[in-house]
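Please take a moment with the sequence and the three-dimensional view below before reading on. The paragraphs after it go through the chain step by step, in words meant for someone new to protein structure.

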Amino acid sequence: MKRIVIIPCVAFLAACSHTEPLEVSSAPSVSPGAVPVSDQAVIADVVGRGTVGTKALAWANPSTGSAGVIEQIDTDDRLDGCRGFVTRRQSLEGTTRFDGVACPSGNSWKLATTH
């Protein structure tokens with residue numbers, strides 16, 4: 001007669017799982033009939049509201065179903081008041097990595113072209 005020992009396995013797996021803290025930032029909710037918000041607008045807004053030096057800041061866009069994690073936010077010396085950032089975006093097309101710059105624009109933030 002064989003016995004299956006499950007308890008030690010569960011304890012072992014629980015001890016192996018380690019998660020880093022992840023700050024979460026959400027996009028404004030979408031109302032029916034509202035104009036969809038682009039991923040770029042959501043990312044720029046989250047970068048603008050985030051703190052320079054932040055790592056692992058989550059974002060999501062209910063308009064497109066995309067989500068990601070901003071891996072870092074730094075000051076950008078090329079453009080005054082702007083912030084450089086790195087993010088990963090997960091969408092139906094797959095995962096992409098994006099390095100960008102967000103700058104203040106009135107009461108919001110927009111992605112900048114640094115060329």
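What follows begins with confidence and overall layout and then turns to particular residues.

The model shown here is predicted, and a careful reader therefore starts with how far its parts can be trusted, since where pLDDT is low, the predicted coordinates should not be read in detail. The mean pLDDT of the chain is 77, and 68% of its residues reach 70 or more. Confidence is lowest in helix 1, residues 7-16, where the mean is 43, and it is highest in strand 2, residues 57-61, where the mean is 95. Over residues 5-22 the pLDDT is below 50, and this stretch has 5 contacts in the model beyond near neighbours in sequence. Another such stretch covers residues 26-32, where pLDDT stays under 50 and the model has 8 contacts beyond four places in sequence.

With that caution in mind, the general layout can be described. The chain has 115 residues, and its elements comprise 2 helices and 6 strands, which run from the N terminus in the order α-β-α-β-β-β-β-β. Of the residues in the chain, 28% count as buried. The accessible surface comes to about 8,200 Å², and 57% of that surface belongs to carbon and sulfur atoms. Among the contacts with a separation of 6 or more, 37% are accounted for by residues 24 or more positions apart.

Which strands do the buried residues of helix 2 pack against? Helix 2 spans residues 39-49, and its buried residues are D39, V42, I43, A44, V46, V47 and G48. These buried residues pack against strand 2, strand 3, strand 4, strand 5 and strand 6, the last of which covers residues 108-111. To read such a list, it helps to know that an α-helix has 3.6 residues a turn, so residues three or four places apart point the same way. V46 is a useful example, for it lies in helix 2 and counts as buried at 2% relative accessibility. The C-alpha atoms of V46 and A60, which are 14 residues apart along the chain, are separated by 9.6 Å.

Between helix 2 and strand 2 there is a loop, and A56 has its place there. A56 has a positive phi of about 60° although it is not a glycine, and with a relative accessible area of 23% A56 is partly exposed.

Moving on to strand 4, one may ask with which residues T87 is in contact, leaving aside its neighbours within four places in sequence. T87 lies in strand 4 and counts as buried at 1% relative accessibility, and the contacts of T87 beyond those neighbours are with I43, W59, V69, I70, E71, T96, R97 and F98. One of these residues, I43, is also among the buried residues of helix 2. In addition, the side chain of T87 reaches the backbone oxygen of V69 at 3.0 Å.

The next feature is an aromatic pair, and the structure holds 1 of these. The rings of F85 and F98 have their centres 5.8 Å apart and their planes at 50°, so the pair is tilted. F85 lies in strand 4 and F98 in strand 5, so the pair ties together parts that are 13 residues apart in sequence. The two partners can also be described by their exposure: F85 is buried, with a relative accessible area of 3%, whereas F98 counts as partly exposed at 35% relative accessibility.

The last feature is a covalent one, since a disulfide is a covalent bond between the sulfur atoms of two cysteines. The count in this structure comes to 1 disulfide, which joins C82 to C103 with a distance of 1.9 Å from S to S. With 115° about the S-S bond, the link of C82 and C103 is right-handed. C82 lies in the loop between strand 3 (66-75) and strand 4 (83-91), and C103 lies in strand 5 (residues 94-105), so the pair ties together parts that are 21 residues apart in sequence. Are these two cysteines buried or exposed? C82 counts as buried at 6% relative accessibility, and C103 counts as buried at 11%.

Notes
Residues are numbered from 1 along each chain as its sequence is written. This is a predicted model: local features need pLDDT of at least 70, side-chain atom pairs count only at pLDDT 80 or more; totals for chains, interfaces and linings use all residues. Side-chain values use heavy atoms; hydrogens and water are left out. pLDDT is the predictor's confidence in each residue, from 0 to 100. Helices (H or I, at least four residues) and strands (E, at least two) are DSSP runs, numbered from the N terminus. Contact means heavy atoms within 4.5 Å. A disulfide is a pair of cysteine sulfur atoms within 2.5 Å. Buried means under 20% relative accessible area, exposed over 50%, partly exposed in between (1.4 Å probe, protein chains only). Rings of Phe, Tyr and Trp (its six-membered ring) pair if their centres lie within 6.5 Å; planes under 30 degrees apart count as stacked, over 60 as edge-to-face and the rest as tilted. Accessible areas come from the Shrake-Rupley method with a 1.4 Å probe; for residues, only the protein chains shown count as cover. A polar contact is a pair of N or O atoms within 3.5 Å; within protein, one must be able to donate a hydrogen and the other to accept it, and residues adjacent in sequence count only if both atoms are side-chain atoms.
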